[in-house]
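Biologist: I should like a close look at a single part of this model, together with an account of what surrounds it. Please start from one residue and work outwards.

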Amino acid sequence: MQRREDPIPVHHDASWGPLPPRSAFWLLIRFVLTVLLLPLWWALIVVIFLGFIAFGIVAEILTVIPGFEKGFLGLIDKFGDSVAVWPAWCVTLPELRHEGDAAFYRARVDNRIAAWTSKELAAQKAKKAPPPGPYDVCVRAYRGVGAGYVLEAARARGWELSHDRPSDPLRVVRLRRPPVTF
């Protein structure tokens, strides 16, 4: 595993800088647990989702109750927003191999922001609505370079921090593209 060589400028404070490399031993343990438990996690998500669908079909009768449908859809939205497909506890093989490698994380961030930018520019060129967000960069993508680098790379391509959804540099950086007037 490589160590970080060059310091990355931070945005506000130390929390916007690179996170310290994790122990190789505990990273390997978490990787093994990920390989074993992540398929079970995904199966659980699918079972719960299918349960929502089954309940929704049966509960179609209850839609005559005012507010039932709105409440049920709100419950499904809350479930979808709170359950992560890639939970924070899992470690993927690229993360295991490149822990502490700033160049790997820099490329990861740059590729993600470049992809979003190209979609946004294509929508502007076609005079269509931009693709729906959210434009969240989770710590898994930037831990080796820090949230400050995400913000610098995003600003270089015309992005800024989201105003309506605050960022937590230790977990997620939320970006938005300022509206373009035609």
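Where does Val137 lie? Which residues does Val137 touch, not counting residues up to four places away in sequence?

Modeller: The model is a predicted one, and every value below is computed from it. Val137 lies in strand E1, which spans residues 135-138. Its relative accessibility is 1%, and because buried means under 20%, Val137 counts as buried. Leaving out residues up to four places away in sequence, Val137 touches Arg112, Trp116, Tyr142, Val150, Arg171, Val172, Val173 and Leu175. One separation along the chain can be added: Ile45 is 92 residues away from Val137 in sequence, and the C-alpha atoms of the two are separated by 22 Å.

The sheet is the natural next step. Strand E1 is joined to strand E3 (residues 172-176) by 4 bridges, and these two strands run antiparallel. Within that pairing, Val173 in E3 is the bridge partner of Val137, and Val173 is also among the residues that Val137 touches. Strand E3 pairs with E2 (residues 160-161) as well, over 2 bridges and again in the antiparallel sense; there, Glu160 stands opposite Arg176 of E3. The result is an open sheet of 3 strands in the order E1-E3-E2, with antiparallel pairing. E1 and E2 stand at the edges with a single partner strand each, so one side of each has no neighbour in the sheet. In general terms, the strands of a sheet pair through backbone hydrogen bonds.

Strand E1 also holds Tyr135, whose bridge partner in E3 is Leu175. Tyr135 is buried, with a relative accessible area of 11%. Its contacts, leaving aside neighbours within four places in sequence, are Trp116, Glu120, Trp159, Val173, Arg174 and Leu175. Trp116, Val173 and Leu175 thus appear in the contacts of Tyr135 and again in those of Val137. With respect to strand E2, the C-alpha atoms of Tyr135 and Leu161 are separated by 9.8 Å, and these two residues are 26 places apart along the chain.

Several contacts of Val137 recur in the largest nonpolar core. Of its 24 residues, those that touch the most other members are Val109, Ile113, Tyr142, Val150, Val173 and Leu175. Helix H4, strand E1, helix H5, helix H6 and strand E3 each supply at least two residues of this core. Tyr142, Val150, Val173 and Leu175 are among the residues that Val137 touches. Val109, for its part, touches Ala141, Tyr142, Val145, Tyr149, Val150 and Ala153, not counting residues up to four places away in sequence. Tyr142 and Val150 are therefore touched by both Val109 and Val137.

Val150 leads to helix H6, where Ala147, Gly148, Tyr149, Val150, Leu151, Ala153 and Ala154 are buried. Because 7 of the 10 residues of H6 (residues 147-156) are buried, this helix is largely enclosed by the rest of the structure. The elements against which those buried residues pack are H4, E1, H5, E2 and E3. Just after H6, Gly158 takes a positive phi of about 90°. A non-glycine residue with a positive phi is Lys127, at about 55°. Lys127 sits in the loop between H4 and E1. In contrast to Val137, which is buried at 1% relative accessibility, Lys127 is exposed, with a relative accessible area of 64%.

Strand E1 also contributes to the lining of the largest pocket, the volume of which is about 940 Å³. Among the 27 lining residues, Ala84, Trp86, Cys138, Arg171 and Val172 are the closest to the centre of this pocket. The elements that give two or more residues to the lining are helix H2 (68-82), helix H4 (102-125), E1, helix H5 (139-142) and E3. By class, the lining comprises 14 nonpolar, 2 polar and 11 charged residues. Arg171 and Val172, named here as close to the centre, are also among the contacts of Val137.

In summary, Val137 is a buried residue of strand E1, bridged to Val173 in E3. Its contacts include Tyr142, Val150, Val173 and Leu175, which are among the core residues that touch the most other members.

Conventions
Residues numbered from 1 in each chain as written. Predicted model: local features only at pLDDT ≥ 70, side-chain atom pairs only at ≥ 80, totals over all residues. Heavy atoms only, no water. Pairing = 2+ DSSP bridges. 1 Å grid on protein atoms, 1.4 Å probe; cavity = no way out; pocket = protein on both sides within 12 Å on 5 of 7 lines; lining within 4 Å. Points joined across faces, edges and corners; volume = space filled by probe spheres on them. Nonpolar A, V, L, I, M, F, W, Y, C, P; charged D, E, K, R; others polar. Buried < 20%, exposed > 50% of the residue type's maximum accessible area, 1.4 Å probe, protein only. Contact = heavy atoms within 4.5 Å. Core = buried A, V, L, I, M, F, W, Y, C linked by side-chain atoms within 4.5 Å.
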